[in-house]
Amino acid sequence: MIDKNVVTKAVDEWLQKGDYYLVDVEMTPDDRIVIEIDHADGVWIEDCADLSRHLQETLGEELGDYELEVGSAGIGQPFKVAQQYRNHIGKEVEVLQKNGQKKQGILKEVSEDGQQFTITTKEKQQVEGKKRPVMMDVDKTFDINDIKYCKYLLAFK
């Protein structure tokens, strides 16, 4: 049985030659190794094939009877690593908080340690001197541990 750390180390070796980053390595009970990578400009099928070949050459027989699946982090899927947040700064995201509240807005910034991020939302605010609330930009900061997910919001306009 192959160790997840061995697989991760082999993936990291391949990642050093480009601007790709590791999103996830999952080893399933049905003997599948699922590897997700990403890149600011997207991932090409050729890159996935190249990583797959690298793993087969590097790990060889250690892969044994495992089924190897290499792919990109799916668009519209929840972010798993801080780099995904950074790549989507300036883009619209959806945040589902653990309390069930959903917020949509533009991803403004991500903390240095990747544990917090800020989005700018449009909300009605009461302004002094105005009878009715006015739509204004409001910054909301979230802690990664206080949300269920944050994901890129696909917009078909």
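A cavity is a set of points where a 1.4 Å probe fits but cannot get out. The structure examined here is a predicted model. It holds one cavity of 30 Å³ or more. About 30 Å³ of space lies in the largest cavity. Val23, Glu36, Ala73, Gly74, Gln77, Pro78, Lys80 and Gln84 line this space. By class, three of these lining residues are nonpolar, three are polar and two are charged.

The largest pocket was examined next. Its space comes to about 320 Å³. The lining of the largest pocket is made up of 20 residues. Nearest the pocket centre lie Asp38, His39, Ala73, Ile75 and His88. Ala73 thus appears in the lining of the largest pocket and also in that of the largest cavity. Nine residues of the pocket lining are polar, eight are nonpolar and three are charged.

Helix packing was also described. Two packed helices are described by the angle between their axes and the distance between the axes. Helix H1 covers residues 4-15, and helix H2 covers residues 45-59. The axes of H1 and H2 come within 10 Å and cross at roughly 125°. That angle makes H1 oblique to H2, because it falls outside the ranges for roughly parallel (under 35 degrees), roughly perpendicular (65 to 115) and roughly antiparallel (over 145). The crossing of the two helices is right-handed.

Residues from both helices form the contact. H1 contributes Val6, Val7, Ala10, Val11, Glu13 and Trp14. From H2 come Asp47, Asp50, Leu51, His54, Leu55, Thr58 and Leu59. Eight residues of this contact are nonpolar, three are charged and two are polar.

Definitions and conventions:
Residues are numbered from 1 along each chain as its sequence is written. This is a predicted model: local features need pLDDT of at least 70, side-chain atom pairs count only at pLDDT 80 or more; totals for chains, interfaces and linings use all residues. Side-chain values use heavy atoms; hydrogens and water are left out. Axes are lines fitted to C-alpha atoms, for helices over the stretch in contact, and angles run from 0 to 180 degrees between N-to-C directions. Helices (H or I, at least four residues) and strands (E, at least two) are DSSP runs, numbered from the N terminus. A crossing is left-handed if the near helix is turned anticlockwise from the far one by less than a right angle, and right-handed if clockwise. Contact means heavy atoms within 4.5 Å. Ala, Val, Leu, Ile, Met, Phe, Trp, Tyr, Cys and Pro count as nonpolar, Asp, Glu, Lys and Arg as charged, and the others, Gly among them, as polar. On a 1 Å grid over the protein atoms alone, a cavity is a set of points where a 1.4 Å probe fits but cannot get out, and a pocket is an open set with protein on both sides within 12 Å along at least five of seven lines; lining residues have an atom within 4 Å of a point. Grid points are joined across faces, edges and corners, and a volume is the space filled by probe spheres set on the points.
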